[in-house]
Amino acid sequence: MKTKSTRKTKAAALDRDHALYLLRSMIRIRRLEDKCAELYSAMKIRGFLHLYDGEEAVAVGVLEALTRDDAVVATYREHGHALIRGVSAGCILAEMYGKQEGCSRGRGGSMHLFDDKTHFYGGNAIVGGGLPIAVGLALADKMQNRPNVTCCFFGDGAVAEGEFHESLNLASLWKLPVLFVCENNLYAMGTALKYTQAVMDLARKAASYDIPSHAVDGMDVLAVEAAAKQAVEAVRAGEGPHFLECRTYRFRAHSMFDAELYRTKAEVEEWKKRCPIETFTQTLKSRGLLSEADLEKIERDVEGEIREAVAFAEACTWEPVEDLTRFVYSERRMS
Amino acid sequence: MQQLGMGQAVNQALREEMQRDSRVFIAGEGVGVSIHDSPMLPTAGLLGEFGPGRVKDTPVSEAAIAGLAVGAAAAGLRPVVEIMFNPFFTLASDMIVNHAAKLRYLSGGKSTFPLVIRMKSGAGFGAGCQHSHNLEAWVAHCPGLKVIMPSTPADAKGLLKAAIRDEDPVIFIEDMMLYFAPGPVPEEPYLIPIGKAEVKREGSDVTVVTWSKMLGVAMQAAAQLAEEGIDVEVVDLRTLVPLDKETILQSTRKTGRLVVLHEASRTGGFAGEICAVVMEEAFGSMKAPFRRVTGPDIPVPASPPLERFYIPDATKLVAAVKEIV
Ligand SMILES: Cc1ncc(C[n+]2csc(CCOP(=O)(O)OP(=O)(O)O)c2C)c(N)n1
Ligand SMILES: [Mg+2]
């Protein structure tokens, strides 16, 4: 059983294009989330909105380890995952607006992004609800001899649900190709990890099901990517599930209603010093891989992308209420 | 009289009962340290007043939350636990349906389970169907559970206090939209008996039976219909189980017409039960076919206009009443 602690980022040669891609991806998520917050204040987006600021390195690093055919299961804090997986910012925003051109036709909203083309099996508002589904997706791949991996994201809060334990056990027992990715941001709503887990070293949970696990610095995109690649490789090789605990932090409130009385400003500021975007920017600059001009171009491009996405969502349309009963059941005949 | 939202009224009930009876404790996700800092919410301030020994923040573990209530109730305490939203009931349901509801019967009456499960429900805040799904008919279908769905802050206070003192498991469902609609609540402690409906408006032409948030819709429609000379009697069930058949039958025998209004979807909804009771026991007095005004048979959509369409409104109720009057 391997339960390794945080690995050091290797200072090995880093491909410039790849590095810029990682940085751009994290910035795309951050700017999309910033825009969501703004649109929420403007009441364009309703319901519960959970933003990913601070955790970008997790989605970006992990998704980089997957192929187009692999499946992804995420939580209600999933805008970034959908975006990096390849769902357009326009379709994501349209979904949050509740418009029919949204990736779930406006029926799901912020917590229920879904996209079949990119094998993005959802946003899920049920804490822990994604894990058993990931087991099923992986089972289907295994039964049909497909070389795919299912990547399942969930929070530290989900570790307390029975579905977590049942899923890890079954995936291990049947040697299913699942990568379990725990986004440990230390809080489940306002409840700190120390109040929810008797054993706070979450990687050890996986070890108890004989699942190889690693804890990785979730603020370091290269570390996440390296760990994810290694784990995915092993999963794809038929070794059974792997578990990755990404130690991270959410900079913003849990959702848009959160007075944040459960943590100090100083704690948040301390973590912000480890902002995955800023630290990676510094790393790249110090290695001479990123110029101010590069950075400006990325920001400009992303700004354009988000501007277009908002314009798209604004121009999208409401589904007519007559269509309301569509898609409760399949419109296909029996196969 | 004090004006409180339903969350505040629930808060007052919890506080009074915790002061009165040291066996009462609360547990749930964020019932102590909440992300919210609003006095409108049900458990605000209780941690400060009663401490972590009796206000227990739990991990995200619905099965264990419901289960701890079952065990603690059997062993002499009076747990009031919270399942954050009605759809999460499914994760807690084994402990509620297979245990809380059945163990008293299974033990030949040798054990009792004086516990309360509080849940938020209701559509209208754009959160989508995994947060908005009214499942009262599911729990009402399980013998052994009592089911309360108050429509006013004052009823919520008196009914919750009664539920906490009751000897049986009670499912107490609060529509979240009602947290933010203040109404008069008596300051002093009082109980409202479980199993008693209330005629919230007297009328002679048609009976509208409803509960929870839909009471507001019924009252609004009744006011509109009054202008057109149709006199609506509004029966607020307050408690679904045990069902106050007497009040329903008295009203329907008087008016001879019945419309049942609920937000939950139609098929298998609790309106069917009300209609069946009236059919079986007051058929001879009825002058017209019954009508149900309910949410459609779909999951609650997140999209604002679609969600608005989902929730029954006064226009739909007025139309249904006019069909049979
Ligand atoms: C089954 C279930 N129980 C409770 C909730 C309410 N809830 C929403 S988010 C959350 C905290 C989850 O924390 P975590 O898994 O750490 O994810 P994070 O929000 O930190 O990303 C809770 C309890 C829910 N959505 N689903
Ligand atoms: Mg968390």
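**Magnesium site**

I started with the magnesium ion (ligand 2) in this predicted model. I looked up its protein donors and found A:D156 (OD), A:N185 (OD1) and A:Y187 (O). They lie 2.0 to 2.1 Å from the ion. In sequence I noted the spacing D-x28-N-x1-Y. I then placed A:D156 and A:Y187, which link distant parts of the chain. A:D156 is in the loop between β3 (150-155) and α6 (162-173) of chain A. A:Y187 is in strand β5 (residues 187-188) of chain A, and the two are 31 residues apart. Buried or exposed, A:D156 and A:Y187? I found both buried.

**Chain A against chain B**

Next I took the interface. I got 40 residues from chain A and 35 residues from chain B in the contact. The two chains bury about 2900 Å² between them, 69% of it on carbon and sulfur atoms. In chain A, I see the most area lost to chain B by A:R46, A:F48 and A:L324, together 21% of what that side buries.

How many salt bridges are there between chain A and chain B? I count 1. A:R46 forms a salt bridge with B:E307, with the closest N and O atoms 3.6 Å apart. I also find 8 residue pairs in polar contact across the interface. By class, the chain A side that touches chain B holds 19 nonpolar, 14 polar and 7 charged residues.

**Salt bridges elsewhere**

I searched the whole structure and found 51 salt bridges over all chains. One of them joins A:R24 and A:D301, closest N and O atoms 3.4 Å apart. A:R24 sits in helix α1 (residues 16-41) of chain A and A:D301 in helix α11 (residues 292-315) of chain A, 277 residues apart. I have A:R24 as partly exposed at 29% relative accessible area. A:D301 is partly exposed, also with 29%.

In chain B, I checked B:K146 and B:D166, whose side chains meet at 3.0 Å, N to O. B:K146 lies in strand β6 (residues 146-148) of chain B and B:D166 in the loop between α7 (153-165) and β7 (170-175), so the pair ties together parts 20 residues apart in sequence. I find both B:K146 and B:D166 buried.

I then took B:E281 and B:K245, a salt bridge with its closest N and O atoms 3.8 Å apart. B:E281 is in helix α10 (residues 270-282) of chain B and B:K245 in helix α9 (residues 245-255) of chain B, so this pair ties together parts 36 residues apart in sequence. I list B:E281 as partly exposed at 36% relative accessible area. B:K245 counts as partly exposed at 37%.

Last, I logged a network of salt bridges linking A:R30, A:R31, A:D34, A:D53, A:E56, A:R252 and A:E299.

Terms used. Residues numbered from 1 in each chain as written. Chains lettered and ligands numbered in written order. Predicted model: local features only at pLDDT ≥ 70, side-chain atom pairs only at ≥ 80, totals over all residues. Heavy atoms only, no water. Donors = N, O, S within 2.8 Å, 3.2 Å for Na, K, Ca; no water. Helix = DSSP H or I, 4+ residues; strand = E, 2+ residues; numbered from the N terminus. Buried < 20%, exposed > 50% of the residue type's maximum accessible area, 1.4 Å probe, protein only. Contact = heavy atoms within 4.5 Å. Buried area = accessible area lost by both parts, 1.4 Å probe. Salt bridge = Lys/Arg side-chain N within 4 Å of Asp/Glu carboxyl O. Polar contact = N/O pair within 3.5 Å; in protein donor to acceptor, adjacent residues only side chain to side chain. Nonpolar A, V, L, I, M, F, W, Y, C, P; charged D, E, K, R; others polar.
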